[in-house]
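Here's a structure to walk through together, one piece at a time. Take a look at it first, and then let's pick a place to start.

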Amino acid sequence: MKPLIIIGTKIMEKLLNMIGRGSVLPGEIALKLNKNIMSYFKLPKITIFITGTTGKTSISGILTSMYKSNGYKVANNSKGSNLEWGVLTCLIANSNPFGKIKTDVLVLEVDERYVKKVINHIKPNYFIINNLSRDQLARNGHYDIVWDDINNQITDDIHLILNSDDPLVTKFGLNHKGKITYYGLSKTKHSTKKSDLNNLDLVYCPKCNKRLTFNYFHYGNIGNYKCGACDFDRPKPDFEAQLIDDYSFKIDNEIIKMNNQALYNVYNLAASYATALITGLSKGGTINALNNLSLKIKRLDSFQVDNKECILLLSKNETPVSYNQSLDYISKQKKDKTVVIGFNNISGRYDLKDLSWLWDINFEQLNDESINKIICVGNFSYDIATRLKYANIDEKKIIIYEDSAQLLEAIKKHGKKFVYCVLYFDMEKVFKRLLKEA
Amino acid sequence: MIITIGYLYYDLLNLYGENGNIKALKKQLEDQGINVTIKFLTIDDDLDFNKYDFVYIGAGTENNQKIALKHLIKYKNDIKKYIEDNKFFLSTGNSIELFGKHILDNNKTKIKTLGTFKYQTIIEDFRMIDEAVFKASLFDEPFIGFQNQYGVIKDIQEPFFKVIKGVGSYPNSTTEGINYKNFYGTYLIGPILIRNPHFLKHLVKEVILSKDKKFKFKKFNLNFETTAHSNFLERHYSEISI
């Protein structure tokens with residue numbers, strides 16, 4: 001029966017692809033026909049899982065491209081979905097009827113809450129956990145719940161690849177008897193004594209509950225920490241990146257260039273470098289691949305509205321650590337500017353309207369003379385405006401457009417030459433549609 | 001006039017943007033010309049309830065809640081006296097559990113809590129997450145908010161709210177929260193004073209009046225907050241007759 005399910009859903013997957021409809025339907029159907037179908041697959045020697053609050057797709061893209069350019073055949077789910085159906089669709093597409101994965105490497109990004117559903121059936125030999133922080137709390141409850149979910153699935157035969165700078169991640173290493181490789185980033189000229197976020201997830205020692213000391217923060221909860229009372233501290237990274245300038249860093253005495261200066265990119269690349277080396281890629285081949293990434297790390301999109309340059313910062317609601325990075329980026333642009341903030345829905349995933357996350361983001365950094373106006377757009381524009389008001393931003397600077405169809409008019413009327421648009425996916429769609437119609 | 005706000009466990013019980021409540025109180029009090037001092041308090045600090053005019057405590061992970069409890073329980077008598085003396089206390093999210101007799105954990109361990117009130121909390125093995133619309137007899141305007149909790153409380157004597165929509169004190173309950181003298185406790189998480197400007201205004205007025213009965217109030221500026229509140233109700237709960 002199982003080979004038939006695979007053959008059937010494989011054909012379906014090919015057909016869907018031919019008509020340009022990549023979808024997770026084959027996985028969904030296979031799962032309906034046999035809920036244990038995932039256990040049937042025989043995995044390649046290098047099977048890597050990637051999870052974390054942010055960076056999953058980037059790391060899995062970098063790894064895929066890196067193994068490919070070193071002559072490996074790679075299966076990867078990033079074009080589909082990181083939930084169990086997406087994982088299963090990827091397995092179906094890359095296996096023979098007997099469930100044997102035909103590639104040398106399997107790179108799977110797995111949603112934090114779906115790790116338990118996937119590991120029950122297929123177990124990675126390498127597991128990258130890039131970071132963990134408060135995210136979609138209306139779905140997740142809180143980060144300790146997510147942490148427990150992941151931790152319950154980790155067995156000692158899995159080689160963990162962990163970010164040494166995130167204490168909530170290194171906590172996974174505390175009881176792990178198997179191999180662990182740590183990657184991290186040393187102090188940079190951007191490091192700060194105080195975090196850019198006020199409400200951090202882990203500032204008390206997970207071993208003894210005493211307050212942790214942070215020598216410096218990179219951003220969010222990520223930095224260099226140690227407990228004054230017990231031996232819990234930032235593990236010495238096996239692979240430590242040192243920033244050279246905003247667009248390059250050194251790791252293992254080699255130089256890696258980036259086309260995006262955000263620090264989280266360093267982690268994505270360092271995680272990939274560490275994984276490559278411990279899975280047997282050569283240093284030269286890895287460096288070469290990383291410096292010639294076929295997948296270009298996303299640059300910011302920009303659009304013209306009249307003579308104004310609108311820079312799009314796509315920002316996920318309910319994920320304070322990354323939303324805050326969009327604001328941080330804006331606050332570092334010293335030119336005169338306008339900011340647009342907007343969303344019509346809080347989540348694309350569920351209809352639960354929790355607004356508490358707005359208060360975990362440091363909107364105070366938009367209280368800056370170089371910003372002439374902040375335009376709040378969409379169904380929650382008054383909630384955004386309220387948040388800005390309590391960030392002590394002058395109410396005269398706050399412009400409200402509840403109707404997102406007015407987005408371009410708002411920009412034309414209030415925009416300076418540079419307009420930074422912090423938009424959720426739904427508002428990005430509106431924005432692009434309006435541009436097309438204009 | 002100086003008003004001192006004690007913000008309890010700002011670094012442990014800060015799970016759902018609770019700091020919004022502190023920002024709200026500070027700004028609105030300052031708009032009335034009051035000097036506001038915020039005491040950011042945590043487990044390394046000595047608490048002195050004689051010094052606070054208003055105390056706030058918010059939601060945390062179950063683990064952080066226990067860390068805070070271990071410290072807070074040393075002050076159980078001070079807290080009781082503070083509340084009996086009609087002083088202001090706001091507790092949101094699972095911090096409400098700390099004021100009952102005990103928390104019955106899901107492995108059936110009884111964790112002793114402050115015992116300010118007689119209720120007990122039972123920890124379920126499923127999480128209750130939902131939007132909430134509540135009504136309090138003191139106010140015409142409904143309360144809006146969000147719940148995200150493992151605990152249920154079934155024996156509150158002085159409930160604060162009637163449940164219109166949401167989990168309430170436990171699934172299918174009709175009431176939620178507690179209001180005793182100037183103690184307000186609720187499972188609602190996050191910046192409830194921001195989302196419910198009528199409540200914010202009430203508390204700001206009452207705490208000022210408690211220090212100066214003849215205080216002359218300036219007009220409150222709550223325009224954004226009030227529109228956000230009424231928009232939310234109109235867009236999503238227009239069927240609810242208020």
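Let's begin with a small detail in chain A: the charged end of Lys417(A) sits over the ring of Phe418(A), 5.0 Å from its centre. Keep in mind as you look around that this is a predicted model. Chain B has an arrangement of this kind to show as well, with Arg195(B) lying over the face of Phe232(B) at 4.7 Å from the ring centre.

Now step back and take in chain A as a whole. It's built from 14 helices and 17 strands. Its radius of gyration is 23 Å, and the globule rule gives 22 Å for 438 residues, so chain A is as compact as a globular protein of that length. If you follow the C-alpha trace along its principal axes, it spans about 65 × 60 × 40 Å. Of those 438 residues, 61% count as buried. The contacts reach a long way along the sequence, too: take the ones in chain A between residues at least 6 apart, and 71% of them join residues at least 24 apart. As for the outside, the accessible surface of chain A comes to about 17,800 Å², and 49% of that belongs to carbon and sulfur atoms.

Rings are a good thing to hunt for next. How many aromatic pairs does the structure hold over all chains? The count is 47. Take Trp85(A) and Tyr114(A): their ring centres are 5.9 Å apart and their planes meet at 55 degrees, so this pair counts as tilted. Trp85(A) belongs to helix H4 (residues 84-93) of chain A, while Tyr114(A) is in the loop between strand S3 (105-109) and helix H5 (115-119), so the pair ties together parts that are 29 residues apart in sequence. Trp85(A) is partly exposed, at 26% relative accessibility, whereas Tyr114(A), at 15%, counts as buried.

Over in chain B, Tyr10(B) and Phe40(B) make an edge-to-face pair, 5.5 Å from centre to centre with 85 degrees between the planes. Here Tyr10(B) comes from the loop between strand S1 (2-8) and helix H1 (19-31) of chain B, and Phe40(B) from strand S2 (residues 35-41), so parts 30 residues apart in sequence are tied together. Are these two rings buried or exposed? Tyr10(B) is partly exposed, with a relative accessible area of 25%, and Phe40(B) is partly exposed too, at 46%. Chain B also has a whole cluster linked by ring pairs, with Phe49(B), Tyr52(B), Tyr75(B) and Phe183(B) among its members.

Finally, look at where the chains meet. Here 44 residues of chain B are in contact with 39 residues of chain A. Between them the two chains bury about 3,500 Å², with 54% of it on carbon and sulfur atoms. On the chain B side, Lys23(B), Lys27(B) and Phe224(B) lose the most area to chain A, together 19% of what that side buries.

One helix brings both chains into view: helix H12 (residues 381-389) of chain A. All 9 of its 9 residues are buried, so H12(A) is largely enclosed by the rest of the structure. Among them are Tyr382(A), Arg387(A) and Lys389(A). What covers the buried residues of H12(A)? From chain A, the cover includes strands S14 (337-342), S15 (371-377) and S16 (398-401). From chain B, it includes H1, helix H4 (192-195) and helix H6 (223-236).

Definitions and conventions: Residues numbered from 1 in each chain as written. Chains lettered and ligands numbered in written order. Predicted model: local features only at pLDDT ≥ 70, side-chain atom pairs only at ≥ 80, totals over all residues. Heavy atoms only, no water. Phe/Tyr/Trp six-rings, centres within 6.5 Å; stacked < 30°, edge-to-face > 60°. Helix = DSSP H or I, 4+ residues; strand = E, 2+ residues; numbered from the N terminus. Buried < 20%, exposed > 50% of the residue type's maximum accessible area, 1.4 Å probe, protein only. Lys NZ or Arg CZ within 6 Å of the ring centre and 35° of its normal. Contact = heavy atoms within 4.5 Å. Rg over C-alpha atoms; globule rule 2.2 N^0.38 Å. Areas by Shrake-Rupley, 256 points an atom, 1.4 Å probe, with all protein chains shown as cover. Buried area = accessible area lost by both parts, 1.4 Å probe.
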